[in-house]
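Please brief me on this model, topic by topic. Short points will do.

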Number of protein chains: 2
Amino acid sequence: MRKLALALALFSGFGLGASEKGNSEDMKLLEMAKQYFKPLPKVAENPVTPREVKLGKMLYYDPRLSKSGLISCNTCHNLARYGVDNLPTSIGHRWAIGPRNAPTVYNAAIHIAQFWDGRAKDVEEQALGPIVNPIEMANTEENVVKTLKSIPEYVELFKKAFPNEKDPVKYVNIGKAIGAFERTLMTPSGFDEFLKGNTDALTEQEKRGLKTFIEVGCAGCHNGAGVGGHMFAKFGAITEYWKATYPYVLKEKPTIKVDFGRFGVTKNEADIFVFKVPSLRNIEHTYPYFHDGSVWSLEDAVRIMAKTQLGKELTDQQVKDIVAFLKALTGEIPKHALEVPELPPSRENTPKPQF
Amino acid sequence: MRKLALALALFSGFGLGASEKGNSEDMKLLEMAKQYFKPLPKVAENPVTPREVKLGKMLYYDPRLSKSGLISCNTCHNLARYGVDNLPTSIGHRWAIGPRNAPTVYNAAIHIAQFWDGRAKDVEEQALGPIVNPIEMANTEENVVKTLKSIPEYVELFKKAFPNEKDPVKYVNIGKAIGAFERTLMTPSGFDEFLKGNTDALTEQEKRGLKTFIEVGCAGCHNGAGVGGHMFAKFGAITEYWKATYPYVLKEKPTIKVDFGRFGVTKNEADIFVFKVPSLRNIEHTYPYFHDGSVWSLEDAVRIMAKTQLGKELTDQQVKDIVAFLKALTGEIPKHALEVPELPPSRENTPKPQF
């Protein structure tokens, strides 16, 4: 309410307690920011129905999507932890350790593609990957469909979510439903308020950080509604990334694996070390950082990025300001995301967990 | 509303569509049932404050109680699955397989003691066990306290929950807070309505099942507000239990382990094969059954119990009726249990997950 009043006051030419100069600088920053960023949409585009979302949320939280009956989407993309597991790389079936850091599902639906290497085109396609990945949920398409078909409550929900289909309980529809749920997982923040014109929604330090973020060049890749997530880029544009991160990795592990990124998908040499530029929304909560989860400190991550991507050494003040801005990207988790649905019981013909 | 109207009508001598005879039989059954059972309390006794409950719920859902940072109380006692993992025995740190089936946390606070062997006296003490059990969460008291102390939001919540303590972030208080949360996890059902006098809250088959349940002798052990949970008893009072369950176990595993139960705690020979009588509330959802999770079918479990505990072979109709009654024990999950709190982020001095 206070913010709204201030915003209205600013639009009508009255700055409450802010100098004219302050206001005009704020407006300049706002105009500059608008060239790079956009507020989050309410729902990522794609027509989704409440019935798909309802089914998708239930599937998201149901560990029976996994072979073991223990691992759900929420295990690695914990919605109470801003959609991640806060581990360097995830733990899957029989404690297998995955090769890359689990990205957050919040705001993921607006990204250019899914996974660090962009190998899935959207959240609907992405959701189907981990279910059958042997080191993640380790299930088979057949077994998960059989599981869901054995539970009458699920059959009913699939019928309602896909009313025009004869045989709605099928693998591709699991992805559609989970994707529909993920499209509702937007986390608007103070930065969105700012972009909509309320220049008081950010503190002075956060604004300074935003300005630095743009001027130093971060916004060259981390831009758009996701503040990242909308393009691919080479990690290590200026200097090899692992030279910056290996001191961190070697603290934990005796070896360091160099990840070729998108090259693995396209086999195009130009894609060696190319990854999707991660969204920086909620970055305060989605540590540790980078595709390998090598770095736990946000300040360190900012320094490494400036060095490897832009060839710049930031001052302590610049780092602090940028980090302050990045923390202003922490958004509000939509209430329904954390209202977990009761899961219907298995039946006698439900396939048993295998672990 | 309909049920309330009927109950009032019955009390005032008018049965809507039910014969006089039916009513008097219902009242007889109700009187008989009241000798064995009690409705659930709203909260299991022990003074608990909303602040303790709030902290306890956050801790319950926080995977940082575990060494790996992956396993929370909710991993094995999934509140969306009636407080269990629906596995024969649970999966813990580095995929260790536990020796006994995870009991539900719903209504557990009213039990005579905690764990299958009763080795913890209450939920406050119980909650502290798995955190430091090497095959469950595998943490140390020191590390978990250090973790919580590093997160200012937790320090604040502990101060509020334990306002008279100088150093409130301590191991024993983790158990107190989680216990306080668990004391609110009561799931009243149609059976409680019945016990309170509304004889229409159960169907004819459910009432027949209740009558059979009492007459056959099940209520000799499964009684009280928990319909079990209030005493210890030897599994296999008449015939060795594993002779009844091994055909089920051998389907899954090449060996069968005979569990000595409470003897492991007391070293008293009289306690060989003695376990806490499990509560049958929500039993429809808490499969697979018995301390070893050997049996997935509720009908089979009922038959085995009649045989091993009472020396009786039940007819198909008796089994079906008892199962119908047991399903009427499925209660309502309290809304707040499934409203997951956002978890505050770790800080730079938070101990890193080890896996």
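A:Lys170 has a relative accessibility of 34% and so counts as partly exposed; here buried means under 20% relative accessible area, exposed over 50%, and partly exposed in between (1.4 Å probe, protein chains only). Its salt-bridge partner is A:Glu165, with N and O 3.3 Å apart.

This is a predicted model: local features need pLDDT of at least 70, side-chain atom pairs count only at pLDDT 80 or more, and totals for chains, interfaces and linings use all residues. Residues are numbered from 1 along each chain as its sequence is written, chains are lettered from A and ligands numbered from 1 in the order in which they are written, and side-chain values use heavy atoms, with hydrogens and water left out.

**Salt bridges**

- A salt bridge is a side-chain nitrogen of Lys or Arg within 4 Å of a carboxyl oxygen of Asp or Glu.
- Over all chains, the count is 38 salt bridges.
- A:Glu165, the partner of A:Lys170, is partly exposed because its relative accessibility is 26%.
- A:Lys243 pairs with A:Glu240 in a salt bridge of 3.6 Å, N to O.
- A:Lys243 is exposed at 52% relative accessibility, whereas A:Glu240 is partly exposed at 35%.
- B:Arg64 and B:Asp62 form a salt bridge too, with their closest N and O atoms 2.9 Å apart.
- Both ends of that bridge are buried: B:Arg64 has a relative accessibility of 8%, and B:Asp62 has 0%.
- In chain A, shared partners link A:Arg100, A:Asp117, A:Arg119 and A:Asp259 into one salt-bridge network.

**Symmetry of the two copies**

- Chain B superposes on chain A after a rotation of 180° with 0.0 Å of shift along the axis, at an RMSD of 0.0 Å.
- The fit is by least squares on the C-alpha atoms of residues with pLDDT of at least 70 in both copies.
- The copies are therefore related as by a two-fold rotation axis.
- B:Glu339 has the C-alpha nearest the axis in chain B, 2.3 Å from it.
- Both copies use the same surface: 100% of the contact residues of chain B recur in chain A, where contact means heavy atoms within 4.5 Å.

**Cysteines**

- The whole structure contains zero disulfides over all chains; a disulfide is a pair of cysteine sulfur atoms within 2.5 Å.
- What is the nearest cysteine sulfur to that of B:Cys73? The sulfur of B:Cys76 is, 9.2 Å away, and B:Cys73 is in no disulfide.
- B:Cys73 is buried, with a relative accessible area of 12%.
- B:Cys76 is likewise in no disulfide and is buried at 13% relative accessibility.

**Helix α9 of chain B**

- Helices (H or I, at least four residues) and strands (E, at least two) are DSSP runs, numbered from the N terminus.
- α9(B) covers residues 171–182, 12 residues in total.
- From first to last C-alpha α9(B) reaches 17 Å, close to the 16 Å expected at 1.5 Å a residue; the expected span is 1.5 Å times one less than the number of residues.
- 10 of the 12 residues of α9(B) are buried, so the helix is largely enclosed by the rest of the structure.
- Among the buried residues of α9(B) are B:Tyr171, B:Ile174, B:Ile178 and B:Phe181.
- The cover over these buried residues includes α3 (50–61), α7 (141–149) and α8 (152–161) of chain B.

**Nonpolar core**

- A nonpolar core is a set of buried Ala, Val, Leu, Ile, Met, Phe, Trp, Tyr and Cys residues joined through side-chain atoms within 4.5 Å.
- The largest such core has 88 residues.
- Those with the most contacts inside it are A:Leu59, A:Leu79, A:Ile174, B:Leu59, B:Leu79 and B:Ile174.
- Not counting residues up to four places away in sequence, A:Ile174 touches A:Leu59, A:Leu128, A:Ile131, A:Val144, A:Leu148 and A:Phe158.

**Two buried loop residues in chain B**

- B:His77 sits in the loop between α4 and α5 and is buried at 15% relative accessibility.
- Leaving aside neighbours within four places in sequence, the contacts of B:His77 include B:Tyr60, B:Gly83 and B:Pro103.
- B:Gly229 lies in the loop between α11 (204–216) and β1 (232–234) and is buried at 0% relative accessible area.
- The C-alpha atoms of B:Gly229 and B:Ala109 are separated by 9.6 Å, although these residues are 120 residues apart along the chain.
- Beyond neighbours within four places in sequence, B:Gly229 is in contact with residues including B:His111, B:Lys276 and B:Pro278.
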